[in-house]
Amino acid sequence: MRPEILFPLFSPITSLKGVGDRVAPLLERVAGPLVRDVALLPPQGLVRRPVMATEAAVEGETPTFDVIIGAHLKPARPGQPWRIQAIDRTGAVTLVYFKGFGAHLEERHPVGSRRLVSGKVERERQGGGLQIVHPDFIADPQRAEEIPVSEAVYPATAGLASRAVRRFVLTALSRVPELPEWLDPAWLAQRRWPTWRDAIVGLHSPLTDADLNPAAPHRQRLAYDELLAHQLALGLRKRLTRREAAPAIGRGQLATAVQDSLPYRLTDAQARALGQIRDDLGSGRRMTRLLQGDVGAGKTVVAMLAMVEAVDAGFQAVLMAPTEILARQHFDVLEPALAAHGMKTALLTGRVKGVAREKLLATLAGGETQVVIGTHALFQDGVTFNALGLTVIDEQHRFGVVERGRLRAKGETAHLLAMSATPIPRTLELTLYGDVDVSNLDEKPPGRTPVATRAAPMHRLDEVVGRMRAAVATGAQAFWICPLVSESDLVDLAAAEARFEALKAIFGDRVGLVHGRLPAAEKDLVMTRFVAGDLAVLVATTVVEVGVDVPAASIMVIEQAERFGLAQLHQLRGRVGRGAARSSCVLLYDPPLSQVATQRLDILRQTDDGFLIAEKDLELRGGGDPLGLAQSGFPAYRIADPMAHRDLIRVAADDARLVLLRDPEFISERGRALVVLRELFDWRADGVLSEGS
Ligand code: ADP
Ligand code: MG
């Protein structure tokens, strides 16, 4: 239930003076549907209006002039503006008004009257006189206070100017109540932050650029509030999912037997992750765990051993992959390993049809098939399990909330293990995955040789192709990646097709092309030929096949590498260097490279640590949308900036954890204030793995 004190903030924006049917949708687009959203809309900039002489004016700035109205110049022809000539001791300025409100202007500002005028200064033409088109303010000097010395600038939209938004923000601000303090008193005292209300007032009355900086005390305070509210929401959701009952799957002998028969030993990281998963499985509570690890870290075997554990306890397990080819690869690895220990594994993809499918489904429903690996086909009606105990989702970010929900419906109480190869900096992990448990594979299996990485300008393409040709002659395989910003980008697609044709001229029919617009079956066919070694070069526009294992592939060429995110480049590079051969990665770029782009490519050359790369990427990109996280369920904060406030994220996460531990029902004085905070921010978004409450 929403505390009464928040009611004014949760009124619709139409309750603000001046927000009618025309303005409401525009203001909603800029800020949101509620008064709260308008009150929390941070200004993006600052306009200062210093009083100065006309001769001191700088084009593009917004000074205030103290002038005498000299003349009104009526438009000579319709469509021309009304002009007012005004002078001060040092010069003249023309005030320009389009549309026909001339007579009214003459009445309001008669010749000889003194006025303060403020607005953006321009030149009428190169070397011409000063002018202000539609001054922001024109006031009698006796009412000088009407012109603010400085003014916050807000985002605008077509039909709703920044200054109109500002007016609504100030109206909303007048509705902001003083709220009970929810911050820990010691922490507040240490940071010397203002109260919540003062912070909001400070947010909207910047006097200098420093006041707009994320480091300004009022911004920090509001960012912390927002982060804390989010962490509390995540923590509460985690608590809820942890309360759900699920089959207790004890530690059996079978998983150990399978593990012992592996041709290698688990890395410490794998053993640790497996231990955490086994604890969850045995707890009687539903597991919601993310297994995170760089490409090649060895997530599959951890998932396999967890599945064996489920089977040993009499349950079934399912492994879902985003593509047919990945599902098949998993099947090829897992099936023999499990069969050797008496387990029956099936592969269910869109290709399995007719009688074969019927038979398969019957063995699933009957329980004879214990492990099933597949694609989206697993969601379909008719797929039922006898006793599903564990669901594993590979490359989880490739699935939407709806898809995960549908799979979940197949086994209401099944444990969930999601796998992701997108390394997330630790600080962001707290915001992205705060509602689930995370196991990190922060160590790679031994014996990998790092991929030799170099950057080369596009004009050295011939050299690159020449070297590739020599390598292919000795049996090597190569990926050739072209950028594709969106699936609908026909220009990029055409460029990829052109590259494909050009390489065909050299490598003949040993070149294949996959892109997002290709039907799934054709894409799979090309991929299969590449995996089988029929194709020597695979031109691809997308990262669709992330996760595919082609051990013989040892060359990765990435065209226009500067257009990819670092994390993405790292993932692409991870496609090679899996076999014994020494692998290489060439980052082709269109010179000249910006300084940041140079630094980014340098990072890739220097390190192979996905987490470090993710962290650096975040640093270099600054705020905005780090790593393109907006699509992966990353929260859209209003004020908090994941980069600038990264230290606060950590503190907020600890703070929230302690609150939930010490005052789980929010009954202390601070606890009750925190309920107000939670409601104020009202996080309802779906989690990355769990559904929203
Ligand atoms: P990813 O985490 O990217 O899914 P995979 O599970 O595909 O990685 O593993 C990559 C490769 O590493 C596989 O060929 C797998 O057999 C191998 N592998 C996994 N764990 C180990 C280990 N502990 N020692 C040696 N090789 C391993
Ligand atoms: Mg994998």
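Colleague: Which loop does arginine 192 lie in?
Modeller: Bear in mind that we're looking at a predicted model. Arginine 192 isn't a glycine, yet its phi is positive, at about 55°. As for its place, you'll find arginine 192 in the loop between α5 (185-191) and α6 (196-204).

Colleague: And where is proline 592?
Modeller: Start with the backbone: proline 591 and proline 592 are joined by a cis peptide bond, with omega at about 0°. Then look at the elements on either side of proline 592, which sits in the loop between β22 (584-589) and α19 (595-606).

Colleague: How far apart are the C-alpha centres of domain 1 and domain 2?
Modeller: The domain assignment gives domain 1 as two pieces, 4-46 + 155-212, and domain 2 as 50-147. Domain 3 (285-441) and domain 4 (451-607) are listed too. For the pair you asked about, the distance between C-alpha centres is 32 Å.

Colleague: Which residue has a side-chain N or O atom 2.8 Å from an oxygen atom of ligand 1?
Modeller: Let's go through the polar contacts, taking N or O pairs within 3.5 Å. Arginine 265 uses a polar backbone atom, 2.8 Å from a nitrogen of the ligand. Glycine 298 also offers a polar backbone atom, 3.0 Å from a ligand oxygen. The side-chain partner at 2.8 Å from a ligand oxygen is lysine 299.

Colleague: What share of the area of ligand 1 does the protein bury?
Modeller: On its own, ligand 1 exposes 570 Å². Of that, the protein buries 77%.

Colleague: How many charged residues are in the shell around ligand 1?
Modeller: The ligand takes up the second largest pocket, and 16 residues surround it, with Gly296, Thr300 and Arg448 among the closest. Split by class, the shell has five nonpolar and five polar residues, and the charged ones number six.

Note on methods:
Residues are numbered from 1 along each chain as its sequence is written. Chains are lettered from A and ligands numbered from 1 in the order in which they are written. This is a predicted model: local features need pLDDT of at least 70, side-chain atom pairs count only at pLDDT 80 or more; totals for chains, interfaces and linings use all residues. Side-chain values use heavy atoms; hydrogens and water are left out. A residue is near a molecule or strand if one of its heavy atoms lies within 4 Å of it. A polar contact is a pair of N or O atoms within 3.5 Å; within protein, one must be able to donate a hydrogen and the other to accept it, and residues adjacent in sequence count only if both atoms are side-chain atoms. Accessible areas come from the Shrake-Rupley method with a 1.4 Å probe; for residues, only the protein chains shown count as cover. On a 1 Å grid over the protein atoms alone, a cavity is a set of points where a 1.4 Å probe fits but cannot get out, and a pocket is an open set with protein on both sides within 12 Å along at least five of seven lines; lining residues have an atom within 4 Å of a point. A molecule sits in a cavity or pocket if more than half of its atoms lie within 2 Å of its grid points. Ala, Val, Leu, Ile, Met, Phe, Trp, Tyr, Cys and Pro count as nonpolar, Asp, Glu, Lys and Arg as charged, and the others, Gly among them, as polar. Domain bounds come from an automatic or database domain assignment. Helices (H or I, at least four residues) and strands (E, at least two) are DSSP runs, numbered from the N terminus.
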